[in-house]
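Colleague: I have a model open here and would like to walk through a few of its features with you. Shall we take them one at a time?

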Amino acid sequence: MRTVLHSDLNNFYASVEILRRPELKGKPVVVVGSKEDRHGVVLAKNDVAKRLGVRTGDVYWQAKKKCGEAMREVPADFPVYQRVSKEVRKIYADYTDRIESFGIDECWLDVTESVGLFGGGVAIADMIRSRVKREMGLTVSVGVSFNKVFAKLGSDMKKPDAVTEITHENYRDLVWRLPAEELLFVGKATKEKLNRSGIHTIGQIATTPKETLVRRLGKWGEYLYLYANGLDESPVAKAEEEDETKSVGNSLTMYRDLTDDDEVEPVLFMLADSVSSRVREAGLPRARTVKLWVRSNDLKSFVRQASFPPTNNAVEIGKRAMQLFRESYSWERPVRALGVSVCNFVYGAEQLNLFDANEKTDKMERFDSAIDKLRGKYGNNVIRPAVVLQDKRLSELYIQNDHLIHPESDRKKS
C-alpha cells in the first residue's frame with residue numbers, strides 16, 4: 001500500500017517575512033503585491049491578521065480597515081520565497097526522491113519505500129514537521145494518506161503545525177462530511193453544477209452513481225467519483241526524473257494579475273520559449289504532450305494537458321499552451337500564475353504524421369539551433385519571442401533556471 005504525504009508550509013510568505021523581520025512577530029502582517037500593478041492585493045497574511053478577518057485577495061485598504069494601525073505591510077519578495085522553498089525541499093529529499101510541487105509552498109511526497117526505515121508515514125511526517133521548524137524556523141501541516149487527493153485534504157484539516165492521517169478505515173468519517181468544494185479540483189463552476197444536482201458534500205459525490213456524475217459533468221465526473229471514493233492512483237512525480245517519462249517545464253508568478261487572453265499570451269510564449277531551450281539543452285527528443293498550469297488570484301489551481309504531433313519548438317509549444325488556456329479558462333477570476341511543461345518524449349524511431357512536412361520541421365529545428373547559438377554567444381535575452389516584447393518587464397526576465405513544475409496531478413480536470 002502506498003504512503004503519500006502532502007506538506008503545506010503555513011502562511012508561507014508571511015512566515016518568511018517575520019523570520020527576516022523579528023520585530024513583526026505578534027503583529028498583524030500582510031504580504032502585498034505591487035500597489036502599481038496589483039493595487040496592493042494581499043497575497044498572504046499571518047495568523048494574527050487572519051483572526052482579524054483579513055483574507056487573501058483583500059485590497060490593502062480593506063486589510064488596513066480590519067487590522068487598524070497595528071497592521072504591518074510587507075512587499076512580496078518572490079526570489080527569497082523561492083530560495084527558502086528549495087531549502088525546505090532538501091529536507092524532504094532526505095526521506096524520498098519522489099517530491100512533486102504543488103506551487104511554491106506545497107509538495108506531495110511518496111514515502112512508501114521509506115516507511116520501514118523511519119517507522120511509518122505519521123512518523124516521517126512528524127520528523128519533517130520537527131526539522132522544518134528547527135532548521136528553517138517555519139511550520140508545516142502534513143497530511144498522510146494512501147493517495148494524493150486524501151493527503152492534500154489531510155494537510156488542510158489541521159493548521160498550523162499539525163499532522164493528520166486519513167486511512168482506509170477513517171476516510172468516510174473524516175472526508176465524506178466535508179463540503180464538495182473541499183475536494184481537490186472542484187472549482188467554483190463544478191461546485192455550482194454539483195449543488196444544482198443536490199450534491200453538497202464529498203460523501204454525496206462518492207455515493208452518487210458514477211454514470212450520473214458523468215452525465216452531469218462529463219468525463220470529469222468519473223474522476224471526481226474516483227477521488228471521493230479514495231481511488232486516486234495518480235503517481236507522485238520525482239523531483240528530477242532521469243528516465244524517459246520525465247517532463248520539462250517552467251512556471252511563473254506574475255508581478256501583477258492578468259485579466260484577459262491578450263495579457264496571458266506573452267507569458268505563455270515566454271514560458272514555452274524557456275521550456276523549448278531546456279529540452280534542447282538536455283538533448284531530449286520532441287515531446288508529444290503539452291501541459292498547462294493556471295493559478296487564479298484566489299489561489300485555486302488546475303492543470304490541462306493534450307497530446308499533439310511531437311515538437312520541441314517554442315512557437316509550437318506556445319500555440320498549444322494558449323489553445324489549452326482558451327479552451328479551459330472562463331475568466332471568473334484574474335490569473336496569478338502560469339506554468340507550461342512538456343512530457344511524453346519520443347525516444348527511438350519517430351513516425352511523422354502524414355501531414356507533418358519534413359522540410360518545415362527541418363527548418364524549424366535549424367531556426368532553433370541558430371537561436372541557441374546566438375544566446376550562447378550574446379546572452380539569453382539577445383533574442384525573444386516577439387509577443388513577449390509587448391510587456392517590457394516580461395521581456396527583461398530570464399526564467400529558465402526557475403522551474404517549479406509538476407503542479408497537481410497528471411490527470412485532466414474541468
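Colleague: Let's start with one side chain: does Met270 count as buried or exposed?

Modeller: Bear in mind that this is a predicted model. Met270 sits in helix H13, which spans residues 261-281. The cut-off for burial is under 20% relative accessible area. Met270 has 1% relative accessibility, so it counts as buried.

Colleague: Thanks! What distance separates the C-alpha atoms of Met270 and Val315?

Modeller: Along the chain, Met270 and Val315 are 45 residues apart. In space, their C-alpha atoms are separated by 9.6 Å.

Colleague: Now to the helices: why are H11 and H12 described as oblique to each other?

Modeller: H11 covers residues 210-217 and H12 covers residues 219-228, and their axes are 6 Å apart. The packing angle is about 140°. Angles over 145 degrees would count as roughly antiparallel, and 65 to 115 as roughly perpendicular. The pair falls in neither class and is therefore oblique.

Colleague: What is the handedness of that crossing, and which residues of H12 make the contact?

Modeller: H11 passes H12 in a right-handed crossing. From H11, the contact uses Lys210, Leu213, Val214 and Leu217. By class, the contact has six nonpolar, one polar and three charged residues. On the H12 side, the residues are Lys219, Trp220, Gly221, Glu222, Leu224 and Tyr225.

Colleague: How many of the nine residues of helix H1 are buried, and which ones?

Modeller: Helix H1 runs over residues 12-20 and is largely enclosed by the rest of the structure, because seven of its nine residues are buried. What covers them includes strands E1, E2, E3 and E4, along with helix H4. The buried residues are Phe12, Tyr13, Ala14, Ser15, Val16, Glu17 and Ile18.

Colleague: Some of those strands form an open sheet, so to speak of it properly: which are its edge strands?

Modeller: The open sheet has three strands in the order E3-E2-E4, with mixed pairing. An edge strand here pairs on one side only, and that holds for E3 and E4. The twist from one strand to the next averages 30°. The edge strands, then, are E3 and E4.

Colleague: Last one: what is the bridge partner of Val32 in E3?

Modeller: Strands of a sheet pair through backbone hydrogen bonds, either parallel or antiparallel. E2 and E3 run antiparallel, and three bridges join them. The partner of Val32 in E3 is Val42.

Methods
Residues numbered from 1 in each chain as written. Predicted model: local features only at pLDDT ≥ 70, side-chain atom pairs only at ≥ 80, totals over all residues. Heavy atoms only, no water. Axes fitted to C-alpha atoms, helices over the stretch in contact; angles between N-to-C directions. Helix = DSSP H or I, 4+ residues; strand = E, 2+ residues; numbered from the N terminus. Parallel < 35°, antiparallel > 145°, perpendicular 65-115°, else oblique. Left-handed = near helix turned anticlockwise from the far one by under 90°. Contact = heavy atoms within 4.5 Å. Nonpolar A, V, L, I, M, F, W, Y, C, P; charged D, E, K, R; others polar. Buried < 20%, exposed > 50% of the residue type's maximum accessible area, 1.4 Å probe, protein only. Pairing = 2+ DSSP bridges.
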